Amino acid sequence: MKKKIALVIEGIKFEIPAEALRSTDYWGKPIPTKVYGNGPIAGSLVKQYVKAKYPKVVCNVKSSSFAGGNSLDVHVSYPNGSEVESEIFSDISRFANAFEYGRYNGWDETYEYYDNAGMKSEKGTEIEAGVKYVHVDNKPAFGTPGDVVRMLRGMMAGEYVWGPISLEKAIEKVKSYKVSDKNIEKALPYLKLA
């Protein structure tokens, strides 16, 4: 079992793997202990934040690494696939974006680093921003139960190029997108509640 540490940020208790703590820099020189908020750590903190503060909101995160950086994609919605209120979305975006350490300037074709990225725990532990690009969407992630609800409703309402289709045909179409039977089953009760 991996060791975890607890942090309190904005009055909320978070747990992260102990190996997220850093006490030396890249060259091995001692530094004040801090947490490096890379994609997986930032994603975990965002999920925990949403769960603690907005328990009815579904949050999916995905971190990716690529040559020259990394990214964090955050999707929030209600279980039925509907968007969350703008105040909730803004708050979640603010928290998630604290882990982004800069932005791309297309005019100059440069990456500009923020002076105030990251955050601190209530005991003063620095959480360093470690994500190059953070994207937050007010919609369910593709293939999740909320997204399946959205797709099925849209297909039955005729929002797709083939016009209105039955629920059975819509389910077949969704399966053709490689969506799991499990997620389709989780979505069906929300269609009956509409």
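This section describes the sheets, the helix packing and one buried residue of a predicted model.

Two open sheets are considered in turn. One of them has 4 strands in the order 3-4-10-9, with mixed pairing. Strand 3 (21–24) and strand 9 (119–120) are its edges. Each of these two has a single partner strand, so one side of each lacks a neighbour in the sheet. Strand 3 pairs with strand 4 in the antiparallel sense, over 3 bridges. Within this pair, Arg-22 has Lys-34 of strand 4 as its bridge partner. The hairpin of strand 3 and strand 4 has 5 residues between the strands. There, Gly-28 adopts a positive phi near 90°. On the next pairing, strand 4 (residues 30–37) and strand 10 (residues 126–129) run parallel and are joined by 4 bridges. Gly-37 lies opposite Ala-129 of strand 10. Helix 1 (residues 39–53) lies across strand 4 and strand 10. Its direction is at about 65° to strand 4.

The other sheet is also open and its pairing is mixed; 3 strands form it, in the order 5-6-11. Its edges are strand 5 (58–66) and strand 11 (133–137). Each has a single partner strand, so one side of each is left without a neighbour in the sheet. Neighbouring strands of this sheet are turned by 15° against each other on average, direction ignored. Strand 5 and strand 6 (residues 69–77) run antiparallel, joined by 9 bridges. Cys-59 is placed opposite Val-76 of strand 6. Helix 1 packs on this sheet and touches strand 5 and strand 6. The direction of helix 1 makes about 170° with that of strand 5. Helix 2 packs on the sheet as well, touching strand 6 and strand 11. The direction of helix 2 makes about 165° with that of strand 11.

Helix 1 and helix 2 also meet each other. Their axes come within 10 Å and cross at roughly 150°. Angles over 145 degrees count as roughly antiparallel, so helix 1 is roughly antiparallel to helix 2. The crossing is right-handed. On the helix 1 side, the contact involves Leu-45, Val-46, Tyr-49, Val-50 and Lys-53. On the helix 2 side, the residues are Asp-91, Ile-92, Arg-94, Phe-95 and Ala-96.

Asp-91 illustrates this contact in detail. The residue belongs to helix 2 (residues 86–97). Its relative accessible area is 13%. Buried means under 20%, so Asp-91 is buried. The side chain of Asp-91 makes a polar contact with the side chain of Lys-53, at 3.1 Å. Leaving aside neighbours within four places in sequence, Asp-91 is in contact with Tyr-49, Lys-53 and Tyr-54. Of these, Tyr-49 and Lys-53 are among the helix 1 residues that meet helix 2.

A further helix pair was examined. Helix 3 (residues 145–157) packs against helix 4 (residues 167–176) at an angle of about 130°. Their axes are 9 Å apart. That angle makes helix 3 oblique to helix 4. The crossing of helix 3 and helix 4 is right-handed. Helix 3 contributes Val-148, Met-151, Leu-152, Met-155 and Met-156 to the contact. Helix 4 contributes Leu-167, Ala-170, Ile-171, Lys-173 and Val-174.

Definitions and conventions:
Residues numbered from 1 in each chain as written. Predicted model: local features only at pLDDT ≥ 70, side-chain atom pairs only at ≥ 80, totals over all residues. Heavy atoms only, no water. Buried < 20%, exposed > 50% of the residue type's maximum accessible area, 1.4 Å probe, protein only. Polar contact = N/O pair within 3.5 Å; in protein donor to acceptor, adjacent residues only side chain to side chain. Contact = heavy atoms within 4.5 Å. Pairing = 2+ DSSP bridges. Axes fitted to C-alpha atoms, helices over the stretch in contact; angles between N-to-C directions. Parallel < 35°, antiparallel > 145°, perpendicular 65-115°, else oblique. Left-handed = near helix turned anticlockwise from the far one by under 90°.
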